[in-house]
Amino acid sequence: MTSGEVRVVRRQWWAWAVVVLVVAAAVAPLVVTWLTNSDDQRLVDLDVYRTGGQMLLEGRPVYDYVTPAPQLLPFTYPPVAAMLAVALAEMSWGTAQWVWTAGIFAALAVTVWLSFRQALRKYVPWVFALLMVACTYLMPIRDQVRFGQVDILLVALCLADCVVKRPWWPRGFLIGLATAVKLTPGVFLIYLLVTRQWRTFFMAAFTTAVLTLLPFAVIPRDASQFWFSALLDPNRLGSNAGTTNQSIRGMLIRLYLPETATSAIWLVIVAVVGWYGFRGARDAYRANDHLTAVALVGLMAVLLSPVAWIHHLAWVVVVLGAIVGDGRDPVRLRVAAGVWLYYVLPIPWWGVSLKAADIPGVSLVLGKIVQNGFGLGALALVWLLVSWLPKRRQIA
């Protein structure tokens, strides 16, 4: 926040207190649903994080253990993430659930504030409350709460590093931290290179390198096992052909072509989409539209990754902020509302149901298209941010 923004918040402290209550009441059904779910289905990814930390506390190999049945999920993150997860392992399971869920909403609040602050210049508390509730019910954000995922925290870290005007930390540090914890934010290193933000790039790369090498000094066995074994096994992440994998590769795998053909097509499409997306991010950066640049790079993290689950699309919050802009263009507002609704609905699972309906000549083709709905939607959003949005600004 700028000093002016801080003064506004202080003057309206009573309104912010009401906002907290309103948001808490609106999201309570979602939180209660998933935090009172059966224990073996509750925040299963948070259980993975805690298990990684617990293995370190007990001196066991992090990458040889899985969470209890029926999930049996392995730890798939870099070893520094397991080191950070020790704090979660020190908590009781019940405490960890509430602390982590509160952290998800704190990270979402930061993301919403930074993504929509142009539109928040007037009626800040009430519009912020509306946006918080609306973004909470996006399917990728609902899945953050359902699984206890870390993605929205990584979004907040990368976004803050790129758009905060006068950060109190060395710019690039947060991107480096996010990349060391979960490799996909590494796309921001490419973004920093193509935009020639050399000082920020070197800080991000240095932070990533330090946090990657540190485990070799502290937990060398686990560090070696991850980088030279576990990382090379894509099946540790789950079924790559599953509906929830909405990356370009996931969509291609579901065509069930020969593996060689799938890999060749994937490499070509990734090259084209990557060139188009990073070029668009560079142009947005040069136009001083850092938010749109971040939104595009976030979409690259989803589309170009070999595996990108639906909850990885938490970047949609930033995309919505980029589309809304200052909130004065009614066309952009309507487009943003359409994008919001699209990612609220469980569209990929409609595709699964459509395929199961077995309607001759319809179910298989249409079902596959709908099943890939969020990934195809992300491709459309890349075009919208690169080509449509600049033209819309000129018209407005």
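This report walks through salt bridges, aromatic pairs, cysteines, one loop residue and a nonpolar surface patch.

The model is predicted. Residue numbers start from 1 along the chain.

## Salt bridges

Side chains of opposite charge can pair when their charged atoms come close. A search of the whole structure turns up five salt bridges. Three of them are set out below, with the N to O distance for each.

| Basic residue | Acidic residue | N to O distance |
|---|---|---|
| Arg42 | Asp39 | 3.7 Å |
| Lys182 | Asp151 | 2.9 Å |
| Arg282 | Asp283 | 3.2 Å |

Take Lys182 and Asp151, whose side chains meet at 2.9 Å. Lys182 sits in the loop between helix H10 (173–181) and helix H11 (187–194), while Asp151 belongs to helix H9 (residues 151–163), so this bridge ties together parts that are 31 residues apart in sequence. Lys182 is buried, because its relative accessible area is 9%. Asp151 is buried as well, with a value of 6%.

The pair of Arg42 and Asp39 has a mixed setting. Arg42 has 16% relative accessibility, so it counts as buried. Asp39 is partly exposed, at 48%. 

Arg282 and Asp283 form another bridge, at 3.2 Å. Here Arg282 counts as partly exposed, with 25% relative accessibility. Asp283 is partly exposed too, at 37%.

## Aromatic pairs

How many aromatic pairs does the structure hold? The count comes to 15. One of them joins Tyr342 and Phe374. Their ring centres are 6.1 Å apart and their planes stand at 55 degrees, so this pair is tilted. The two residues come from distant parts of the chain: Tyr342 lies in helix H18 (residues 330–344), and Phe374 lies in helix H21 (residues 373–395), 32 residues apart.

Is Phe374 buried or exposed? Phe374 is buried, because its relative accessibility is 0%. Its partner Tyr342 has 28% and therefore counts as partly exposed.

Phe374 also pairs with Tyr343. That pair is tilted, with 4.7 Å from centre to centre and 35 degrees between the planes. Again the link runs between helix H18, which holds Tyr343, and helix H21, which holds Phe374, across 31 residues. Both Tyr343 and Phe374 are buried. Phe374 thus takes part in a pair with Tyr342 and in a pair with Tyr343.

Elsewhere, seven names make up one aromatic cluster. Its members are Tyr49, Tyr63, Phe75, Tyr77, Trp100, Phe226 and Trp227.

## Cysteines

The structure has zero disulfides. Why is Cys158 not bonded to Cys162? The cysteine sulfur closest to that of Cys158 belongs to Cys162, and it is 6.8 Å away, which is too far for a bond. A disulfide needs the two sulfur atoms within 2.5 Å. Seen from the other side, Cys162 is in no disulfide, and its nearest cysteine sulfur is that of Cys158.

Cys158 is buried, with a relative accessible area of 0%. Cys162 counts as buried at 12%, because the limit for that label is under 20%.

## A buried loop residue

Thr243 lies in the loop between helix H13 (220–228) and helix H14 (248–253). Is Thr243 buried or exposed? With 10% relative accessibility, Thr243 counts as buried. Which residues does Thr243 contact, leaving aside its neighbours within four places in sequence? They are Arg254, Pro348, Trp349, Val352 and Gln371.

## A nonpolar surface patch

The last stop is on the surface. Ile359, Val362, Leu364, Val365, Leu366, Ile369 and Leu376 make a nonpolar patch of about 600 Å². Which helix gives the largest share of the patch? That is helix H20 (residues 363–371), with four residues.

Val365 is one of the patch residues, and it lies in helix H20. Its relative accessible area is 56%, so Val365 is exposed. The cut-off for that label is over 50%.

Notes:
This is a predicted model: local features need pLDDT of at least 70, side-chain atom pairs count only at pLDDT 80 or more; totals for chains, interfaces and linings use all residues. Side-chain values use heavy atoms; hydrogens and water are left out. Patches are made of residues with over 30% relative accessible area and no salt bridge: like charges are joined within 9 Å, nonpolar side chains (Val, Leu, Ile, Met, Phe, Trp, Tyr) within 5 Å. Accessible areas come from the Shrake-Rupley method with a 1.4 Å probe; for residues, only the protein chains shown count as cover. A salt bridge is a side-chain nitrogen of Lys or Arg within 4 Å of a carboxyl oxygen of Asp or Glu. Buried means under 20% relative accessible area, exposed over 50%, partly exposed in between (1.4 Å probe, protein chains only). Rings of Phe, Tyr and Trp (its six-membered ring) pair if their centres lie within 6.5 Å; planes under 30 degrees apart count as stacked, over 60 as edge-to-face and the rest as tilted. Contact means heavy atoms within 4.5 Å.
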